[in-house]
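Reader: I would like to go through this structure slowly, asking at each step how a term is earned. Could you set each value against its definition as we go?

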Amino acid sequence: MKKLALAVFAVFVLVGLPAVASTPTPGGNAWDTSDPATAVTRTVEARIVEVRENRTLVVVDKDERQHVIQLSEKVEIRAQSKKDFDGLKKLDFGHLREGHRLKLTFYADSGQLVRIQVQKADKVG
């Protein structure tokens, strides 16, 4: 009898549990492609040439083309290395300075900026 109960339990775990676990939530779409975890992102490198008011940056890319970027409050700003910003990893707009090198990550389909990774400015001279 114990062996039969164990066999029934094993069948439930192998067959029934995965079906229950993969059932989508009511009102949700199991194949929702807007999930940020599955979204395709691109990263480009740039250098800050001007920091303006209202969370606006002027940057140049590797081809020296200038771009004006308005940052939303949702954009994550992170230091590449804690040692570059006195032990801070999470930064805010006030930490950004002319000359900082950036890695800008954005959604490939919409162009929406998601994250900025900041490197300390190149030393001049």
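Reader: Which residues does Gln 119 touch, not counting residues up to four places away in sequence?

Author: Gln 119 touches Gln 80, His 100, Arg 101 and Lys 103, where contact means heavy atoms within 4.5 Å. Before we go on, please note that this is a predicted model, in which local features need pLDDT of at least 70 and side-chain atom pairs count only at pLDDT 80 or more, while totals for chains, interfaces and linings use all residues. Residues are numbered from 1 along each chain as its sequence is written, and side-chain values use heavy atoms, with hydrogens and water left out.

Reader: What makes the pair of Gln 119 and Gln 80 a polar contact?

Author: A polar contact is a pair of N or O atoms within 3.5 Å; within protein, one must be able to donate a hydrogen and the other to accept it, and residues adjacent in sequence count only if both atoms are side-chain atoms. The side chains of Gln 119 and Gln 80 make such a contact at 2.3 Å.

Reader: Why is Gln 119 called buried, or exposed?

Author: Buried means under 20% relative accessible area, exposed over 50%, and partly exposed in between, using a 1.4 Å probe and protein chains only. Gln 119 has 15% relative accessibility, and therefore counts as buried.

Reader: What is the class of Glu 64, and of Asp 86, by that definition?

Author: Glu 64 has a relative accessible area of 54%, so Glu 64 is exposed, and Asp 86, at 79%, is therefore exposed as well. Glu 64 also has a positive phi of about 65° although it is not a glycine, and Asp 86, likewise a residue other than glycine, has a positive phi near 50°.

Reader: How do you know that strand β4 pairs with strand β7?

Author: Strands (E, at least two residues) are DSSP runs, numbered from the N terminus, and two strands pair if DSSP finds at least two bridges between them. β4 (residues 76-79) and β7 (residues 113-119) have 4 bridges, in the parallel sense, with Arg 78 opposite Gln 117 in β7. β4 and β5 (residues 90-91) have 2 bridges, in the antiparallel sense, with Ile 77 opposite Leu 91 in β5.

Reader: Which residues of β4 belong to its covered face, and which to its uncovered one?

Author: Ile 77 and Ala 79 form the covered face of β4, whereas Glu 76 and Arg 78 form the uncovered one. In a regular strand the side chains alternate between the two faces of the sheet.
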